[in-house]
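Let's take a walk through this protein chain, one helix at a time. Keep the sequence and the 3D view side by side as you read.

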Amino acid sequence: AAVVVASGLTWRWLEITGGPTALTDRFGPWAPLVSVPTHTLLSSTPFPRELLGVANGSVYGLWLGTLYGWAAWWSGGMIEFALARRSAHNPTKTPTESRLPSWLRLFPAGHPAVMILGRQLPFGFHAVNVMAAISGVTIKRQMLLSAISNFIFAFIAAATGAGLVATGLI
């Protein structure tokens, strides 16, 4: 709950200050030190992550926007994974997979296709992080496959933002 409240307050602060472009105008080269942690916090909540990735591309360009989006989504995903893993801790030693909805148990949580492609779906980012944590996927596997899938998504989002600027649409 604290992360959701902090994220909402951070997003509101960004709106009041004029959005991401005003952030770079105000903080100059130090803007990523503000925007990446903000993006990280927001990406660990159900906030629509696509908006932040497109904003990164429009403000920082394709490659820096991809890098910053990737770093934020990877970090946010690891926060979600850690919180889900901690909340799934079961002192009675009964399988935590039984806590997942039955339709979600059909997918092998640690399979690379599920962990990479599943994150590309709407709300898949959150579902895969939680499913992996509850199903006992190792942190090493989570880190690697999250890094790959988040790079793909960060590149697509940043390319969209950079393209909107290049065509003069924003």
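## How far to trust it

First, a term: pLDDT is the predictor's confidence in each residue, on a scale from 0 to 100. Averaged over this chain, pLDDT comes to 79, and 79% of the residues score at least 70. The elements are not all alike here: helix α1 (residues 2-17) has the lowest mean pLDDT, 57, while α5 has the highest, 92. Where pLDDT is low, the predicted coordinates should not be read in detail.

A few ground rules. This is a predicted model, in which local features need pLDDT of at least 70 and side-chain atom pairs count only at pLDDT 80 or more, while totals for chains, interfaces and linings use all residues. Residues are numbered from 1 along each chain as its sequence is written, and side-chain values use heavy atoms, with hydrogens and water left out.

## The overall plan

What is the secondary structure made of? The chain has eight helices and zero strands, so the order from the N terminus reads α-α-α-α-α-α-α-α. Both kinds of element are DSSP runs numbered from the N terminus: helices are H or I with at least four residues, strands are E with at least two.

Of the 170 residues in the chain, 41% are buried. Buried means under 20% relative accessible area, exposed means over 50%, and partly exposed is in between (1.4 Å probe, protein chains only). Now for contacts, meaning heavy atoms within 4.5 Å. Take the contacts between residues at least 6 apart in sequence: 75% of them join residues at least 24 apart.

## Helix α5 and its cover

Helix α5 covers residues 62-87, which makes 26 residues. From first C-alpha to last it reaches 37 Å, close to the 38 Å expected at 1.5 Å a residue. (The expected span is 1.5 Å times one less than the number of residues.) The buried residues of α5 include G65, T66, Y68, W73 and F81. What covers the buried residues of this helix? The cover includes α3, α4 (49-60), α7 (124-135) and α8 (139-166).

T66 is a good one to click on. This α5 residue counts as buried because its relative accessible area is 1%. Leaving out residues up to four places away in sequence, T66 touches G61, F151, A154, F155 and A158.

## α4 meets α5

Helix α4 has 12 residues and reaches 17 Å from its first C-alpha to its last, close to the expected 16 Å. Its buried residues include L52, G53, A55 and N56. After α4 comes G61, with a positive phi near 90°.

How do α4 and α5 cross? Their axes come within 7 Å and cross at roughly 150°. Axes here are lines fitted to C-alpha atoms, for helices over the stretch in contact, with angles from 0 to 180 degrees between N-to-C directions. The crossing is right-handed: the near helix is turned clockwise from the far one by less than a right angle, whereas anticlockwise would be left-handed. In this meeting, R49, G53, N56, G57 and Y60 from α4 face L62, L64, G65, Y68, G69 and W73 from α5 as contact partners.

## α3 joins in

Helix α3 (residues 32-43) is home to T40. Why does T40 count as buried? Because its relative accessibility is 11%. Setting aside neighbours within four places in sequence, T40 is in contact with A71, A72, S75, G76 and I79. T40 and A71 are 31 residues apart in sequence, yet their C-alpha atoms are 7.9 Å apart in space.

S35 also sits in α3, and it is buried too, at 12% relative accessibility. Not counting residues up to four places away, S35 touches L23 and Y60.

## The nonpolar core

A nonpolar core is a set of buried Ala, Val, Leu, Ile, Met, Phe, Trp, Tyr and Cys residues joined through side-chain atoms within 4.5 Å. The largest one here has 13 residues, and F81, M115, A132 and V137 have the most contacts inside it. Helices α5, α6 (112-117) and α7 each supply at least two residues of this core, and α7 gives the most, with four.

A132 touches F81, R85, A109, M115, V137 and Q142, residues up to four places away in sequence not counted. F81 also has I139 of α8 as a contact, and I139 is in contact with M78 as well. The C-alpha atoms of I139 and F81 are separated by 8.5 Å, though the two are 58 residues apart along the chain.
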